[in-house]
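Visitor: I work on calculations rather than on folds, so I would like to take this one question at a time. Shall we begin?

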Amino acid sequence: MISVESHKNDYLHKNNNPFDLLAKDYDDWFEGEGKIIFSIESNCLRELLPRLPHPRLEIGVGTGRFAEAIGIDCGLDPSAQALAIMKNPEVNRVQAVGEKAPFINGAFGTVALITTLCFVGSCREVLNEANRVLRDDGKIVMGLILKDSPWGKLYESKKAQGHPIYQNAFFRSYNETTGLLESARFRIERVVSALFQPPGEVKDFEYPREGYYADAGFVVILAGK
């Protein structure tokens with residue numbers, strides 16, 4: 001059983017969360033246009049599964065698609081609607097924000113942030129909380145859309161056009177992201193990349209490549225404390 005702190009967590013985004021209004025549209029994307037993309041991204045994450053100890057927490061679990069794919073035990077998200085859509089009954093759902101995770105120190109073996117860091121209010125606070133709730137041998141795994149990739153540029157353009165989800169996103173470069181991890185006292189251990197087909201042209205399944213590639217649409221970073 002995962003221990004939760006007794007203090008009440010401040011639900012900071014409850015009044016203005018686009019995922020509350022768009023949770024079903026977001027989830028439907030995985031069954032349509034995003035089906036192949038999701039299979040590429042989830043396979044990239046599964047490359048690291050042997051190094052991800054349980055229990056596993058996902059911050060920004062959303063509707064639970066990645067949680068089911070990589071065996072997440074507990075999912076945290078500020079969107080009540082997204083959590084309500086989640087189909088996997090084995091994931092313990094917690095409505096809260098990553099900046100104030102309602103868990104005791106050292107509660108988890110793994111913390112996952114999958115396409116989440118670009119949406120949080122404070123990256124530093126979220127990463128510091130991730131460090132706090134991880135045990136000493138714990139791992140953090142991050143699935144990222146990076147600013148300078150073709151996919152990052154696509155979402156930056158959607159942001160500029162006022163897209164209801166991406167207007168709230170803040171994409172970062174690989175170096176900015178690794179700098180944030182290091183400032184939160186994490187040590188990078190492995191990087192894998194995938195989704196090399198450009199936006200609008202994803203037709204075939206891809207296997208991940210070891211290391212960071214600037215033209216990859218999805219980059220996974222594994223780090224330890």
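Visitor: In which loop does Leu 195 have its place?
Guide: This is a predicted model, where local features need pLDDT of at least 70, side-chain atom pairs count only at pLDDT 80 or more, and totals for chains, interfaces and linings use all residues. Residues are numbered from 1 along each chain as its sequence is written, and side-chain values use heavy atoms, leaving out hydrogens and water. Helices (H or I, at least four residues) and strands (E, at least two) are DSSP runs, numbered from the N terminus. Leu 195 belongs to the loop between β6 and β7.

Visitor: Is Leu 195 buried or exposed?
Guide: Buried stands for under 20% relative accessible area, exposed for over 50%, and partly exposed for what lies in between (1.4 Å probe, protein chains only). Leu 195 has a relative accessible area of 1%. That makes Leu 195 buried.

Visitor: What is the phi of Leu 195?
Guide: Most residues other than glycine have a negative phi. Leu 195 is not a glycine, yet its phi is positive, at about 65°.

Visitor: Where does Arg 185 lie, and what is its phi?
Guide: Arg 185 is in the loop between α7 (174-183) and β6 (187-194). Arg 185 is not a glycine either, and its phi is again positive, about 70°.

Visitor: What is the omega of the peptide bond from His 54 to Pro 55?
Guide: Pro 55 is part of the loop between α2 and β1. Most peptide bonds are trans. The one from His 54 to Pro 55 is cis, with omega near -5°.

Visitor: In what order do the eight strands of the open sheet come?
Guide: Two strands pair if DSSP finds at least two bridges between them. The pairing in this open sheet is mixed. At its edges are β3 (92-95) and β7 (209-210), each of which pairs on one side only. The order is β3-β2-β1-β4-β5-β8-β6-β7.

Visitor: Which residue of β8 is the bridge partner of Arg 190?
Guide: β6 and β8 are antiparallel and share seven bridges. In one of these pairings, the partner of Arg 190 in β8 is Leu 222.

Visitor: And which residue of β7 is the bridge partner of Val 192?
Guide: Two bridges hold β6 and β7 in an antiparallel pair. The partner of Val 192 in β7 is Glu 210.

Visitor: How many residues of β5 are buried?
Guide: β5 has parallel β4 joined to it by six bridges, with Thr 110 paired to Lys 139. Six bridges also join β5 to β8 (residues 218-224), this time antiparallel, and there Ile 140 stands opposite Ala 223. β5 is largely enclosed by the rest of the structure, because the number of its residues that are buried is eight of the eleven.

Visitor: What angle does helix α5 make with β5?
Guide: Contact means heavy atoms within 4.5 Å. Axes are lines fitted to C-alpha atoms, for helices over the stretch in contact, and angles run from 0 to 180 degrees between N-to-C directions. Helix α5 (residues 123-133) packs on the sheet, where it touches β1, β4 (108-114) and β5 (134-144). Its direction and that of β5 make an angle of about 145°.

Visitor: How far apart in space are Glu 99 and Glu 129?
Guide: Glu 99 lies in the loop between β3 and β4 and is buried, with a relative accessible area of 9%. Setting aside neighbours within four places in sequence, the contacts of Glu 99 include Val 120, Glu 125 and Glu 129. Glu 99 and Glu 129 are 30 residues apart in sequence, while their C-alpha to C-alpha distance is 6.4 Å.

Visitor: Why is Cys 44 not bonded to Cys 118, and how far away is that sulfur?
Guide: A disulfide is a pair of cysteine sulfur atoms within 2.5 Å, and a search of the whole structure finds zero of them. Cys 44 is among the buried residues of α2, with a relative accessible area of 0%. Its closest cysteine sulfur is the one in Cys 118, too far for a bond because the distance is 16 Å.

Visitor: What about Cys 123: how far away is its nearest cysteine sulfur?
Guide: Cys 123 counts as buried, at 5% relative accessibility. Cys 123 is in no disulfide, and the sulfur of Cys 118, the nearest, is at a distance of 8.5 Å.
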